[in-house]
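Grab a pencil and work through these exercises with the structure open beside you. Each task comes with a solution that goes step by step.

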Amino acid sequence: MQRSLNGNFSSTATARVAPSSEPLSDKYGNFDLIKHINLDSTDISVSKWKSRETGLSVVHLDYEAPLVNGYFVIATEIFNDSGCPHTLEHLVFMGSEKYPYKGIIDHLANRGFSNGTNAWTDNDHTAYTASTAGDQGFLQLLPIYLDHILYPTMTKASFITEVHHVNGEGENSGVVYSEMQGRENTPGDLMALRSQRTLYPPGSAYRSETGGLMEALRKLSVEQIRDYHGTYYVPHNLSLVVAGKMSNGTQSLLKVVQEQVEPIIVAHNQNKGSRPKGWQRPFTETASARRGPIEKITKETIEFPEQDESVGELLVTYTGPSPTAFLERKALDILSTYLTSSPVAPLNKEYVEIESPLCSYIYLSEDTRATLVDLPIYVGSVPTEHLDNFDEKLVASFGRIAKEGIDMTRMSMVLNRDERQLRSKLESSKGDTFSGSIITDFLYGAEDGSDLGPSLNELQYYAELRQWSEKQWVDLLKRYFVDPPYIVVIGKPSSKLAEKLEAEEKARLAKQRESLGPSGIAKAKEELEAAKLEHEKPIPTDILKSFPVPDVKSISWIPVQSVQQRGKGRNQLDSTGASELASHIEMDGSPLPFFIEYDHVKSNFVGVHATFSLANLPDRLRPYISTYLSAFFSLPVVRKSGERLSHEQVINKLDDETVSYEASLGISDQIPETLHIFLQVEASAYESAISWLRDLMYGAEFDKERLLVTVAKLLQSLPELKRDGNTVLASVWSENLYDKNSTSRASAPLPQAEFIPQLVEALNERPEEVIADFKSIRKHLTDPSGVRIGVTGDILSLPSPRSTWAKYFRDLLPEAELAPVRMTSETLSEMGKKPCGQATVVSLASIESTYANHTTGSIQGFNDPEYPALRIALEVLNAAESFLWRSIRGSGLAYGAYMSPDRESGLLTFNLYRSSNSMQAYEEAYTVVKGLTDGSIELDETSLDAAKSSIVYDVAKNVASPNRAALNSFLNQALKGVSKNFNQELLEKYQTVTKADVLVALKKYVLPVFDPSSSTVVAVTAPSKVDQIVESLTARGFKVEKRTLEVEDGSEDGSESSSSGSSSESA
């Protein structure tokens, strides 16, 4: 869990409003019903309430679901770059008046079937979130959470550790500081800030960096944050958005707020109603609302640190309509999809789907603001020679598209598909789909609730937009993208800037150390240690135990009927409990010769999953798989009927007939030595999905020109990927721990950076050889022994669930012995099989913090009897405000620290994310684990209870929608070889884990990650930190290789390596 800045909550899909069928009482205690809406075509009811006494707003989205989600939203306006909204977000979790203990909110949340709390800060609001399995834990947590939001302690000690401090080395650190250090000089942040400064006039809060610039954070004081809290964290500026089922309806939610929250607000003399004297509603009634359309075309250029200067980025922003112009905003959303959603979309065809791409993507978005919305266009991986004039070419393209007219057939398809996707999202996410729109309504909608209905009116807007003429669409394009001026910010990569920033940071630190002097640094260290000691004040056990752990039986699991038919001549599995489904399938044709599993849930949609084994693929062909997957849905195809479709026809027909489609390695990042093809359709289009699977897999033509376009896009996207510390970490880690027979390793960005240019050359000079290689890949993939098919959705409604497969696949997949699923454990390198003393430190100029993986061997396989104890042990370590959080994040050493097991590979990894001092974080983690195992740090029973309870939430979340539950059943049974409800069954085993079991697991499986003789390390860091990390790892006993990631002429520069020292025991 990470509390994050700029969460990606935006106005999302919503449904048509219908009259309320069951009117609620219009009053409950202090609360008046402002608006009640039943959403047509759903089981979702929305009611908005406001307190006459305090102005507190409550919105309940009522619907059946196993999870309850809460979003507690404050409108946060700031007129400088101090970062008060973001820093305050972090301090809220450090204790409250009634509960003055750091992290108690997360300890209690974990006991209540949750995985802790979270929050994000955006440009115009801060949202605090909680999600629980069932409503009991949620309602218990709600008043405690609100006490933290409205009445946090905001101590100096909390500020020191959570926001900013100087450590014992004279370096700046802190959780927020580390986060912003990792972001401030990234192209996205630099461009966004320059765009804000240019778009909005002086005096507007939209100009500010709400996260806080590092220079401002170094000067910020806790008193400033307290003042900010007093102004904005008031009940009349707070909305509680709750999505999910309450056991006694909305009144059970209002009862808790009325009886447990309102009295505390009144006691603080904050019962001033919804409009206290002098109150100005943020953004809508302040200087931030005073802005008009962009007056003239303005170009700005920023540089960002990057060794590879081949590609840059653009941010082009237009002014949109009023935030309450809901139909027009939906029309712009559809127009954006029409222009960019697929390889045949007009802008993609012109800029991306060409042999020398002018960019890797164009994405049209929307940012809701007071008065007028913004319409930003993000353009990625633009060759630097095209950066300066790209915006002019783009505007000319808009003009040409308007002049040539809109393809109304395709526009109709875009509308239909967008609606299908909305309905699918409603089924999977239910009312949570609407949370973003309701947050926006709180910020910018009419206070009397009159905008709430129209903001949730999206299904009706589809009907209206279907009536639009071509002229109306053209006029919309002209009005917002052809005729008006815009602002463009050009992001240019600069290797000199990278060197300059490194030199400036070293000089700044040297000056800071000189200014502080030894005594000043010692004082800063003492302050930090004192702050950490204050945070270590134990939470009284009776407070924790007063928060009862809910009953697992209170969770309503989504039922799945499952039938697995492994193919004629193969051993069959028992389908106990699925007699209705089994009978339905047996009545439809004869048994099939290939593997197929049916997982039935109540749904309006059907998913077709096909996995193809990569086990027998020759290793030399594995690097091709990224290209194969990228091209899969955009190649010419010869259909079963003999009809040949061009790539454009394929894409248009797929978009017209499906809800979604995907080609990937594995499923949900699991079982990546299989290739997974997924098509989701409405139940009536079941046969269409099967037909498409057959034709795409067996009928695709590996056309040279289409392959060249695909590899050109991949090549152009690589420099952007190689700027990201986490991406580079994963790639180097994979190279070290996996062998050449690993498809994941071959598909990682760094190996692809070497392979793709070679593939381009081969396609141009020896295309027939490359095409033969792709045909060979298909032949290996379609070997019947490695094919497993899954059908998920409302199978009982399908008239021909089995015979349709026979029609398309019986001759293609004859009887064959079913091969076992290949696990990643079979693809480990020697280092992966036995991690021992090797460390790699990569210098990456585009980052300022460190990303690191420390890896050791662990449990391999899904049925190991020791796994439940290990799972509980790791939850004890990882939980919000638990051991790793307190020792590392709480000390400002990293933004995230996490232990994760991979049962497929048999590896366990300690990951550090955006660390300001990764080696100190490593030492702190070692101290914690060693202390727990030797008894010097106590593991109490309440931590054990919280860990077990938190895991319940993780299991529930994994099967929280019909499609998730069905897919989980297929993944478990067909690929992992365990029961369909395996994770739910593990819950019983987790409950039996004892403290002694946990301590054994920590010693046996976790402690070795800190021993060079049984672990390996990969760290990706800023150039200025390389030597320090190398020195520390060498002193620890690791043999260290240094690498510098630089790109010249499309290939990675060679790695420099140095090694010293030898393996030794952890000290």
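**Exercise 1.** Find the helix and strand content of residues 219-412, and how far apart the end C-alpha atoms are.

*Solution.* Start with the record: UniProt lists residues 219-412 as "domain: Peptidase M16 C-terminal", in an unreviewed entry. UniProt positions are in the numbering used here, feature names are shortened, and annotations may be inferred rather than shown by experiment. Next, the make-up: this stretch is 38% helix and 19% strand. Helices (H or I, at least four residues) and strands (E, at least two) are DSSP runs, numbered from the N terminus. Last, the end C-alpha atoms lie 55 Å apart.

Two ground rules before you go on. This is a predicted model, where local features need pLDDT of at least 70 and side-chain atom pairs count only at pLDDT 80 or more, while totals for chains, interfaces and linings use all residues. Residues are numbered from 1 along each chain as its sequence is written, and side-chain values use heavy atoms, leaving out hydrogens and water.

**Exercise 2.** Check the span of helix 14 (residues 408-429) and look at what flanks the helix.

*Solution.* Step one: the expected span is 1.5 Å times one less than the number of residues. For the 22 residues of helix 14 that should give 32 Å, and the end C-alpha atoms are 31 Å apart, which agrees. Step two: at the start of helix 14, a side-chain oxygen of aspartate 407 comes within 3.1 Å of the backbone nitrogen of threonine 409. Step three: after helix 14 comes lysine 430, with a positive phi near 55 degrees.

**Exercise 3.** Is strand 4 (residues 31-39) largely enclosed or open, and which strands pair with it?

*Solution.* First, burial: 7 of its 9 residues are buried (under 20% relative accessible area, 1.4 Å probe, protein chains only), so strand 4 is largely enclosed by the rest of the structure. Now the partners, remembering that two strands pair if DSSP finds at least two bridges between them. Strand 3 (residues 27-28) runs antiparallel to strand 4, joined by 2 bridges, and tyrosine 28 sits opposite phenylalanine 31. Strand 5 (residues 45-51) is also antiparallel to strand 4, over 7 bridges, with isoleucine 37 opposite valine 46. Finally, the hairpins: glycine 29 has a positive phi near 60 degrees in the one with 2 residues between strands 3 and 4, and serine 41 has a positive phi near 70 degrees in the one with 5 residues between strands 4 and 5.

Notes:
Buried < 20%, exposed > 50% of the residue type's maximum accessible area, 1.4 Å probe, protein only. Polar contact = N/O pair within 3.5 Å; in protein donor to acceptor, adjacent residues only side chain to side chain.
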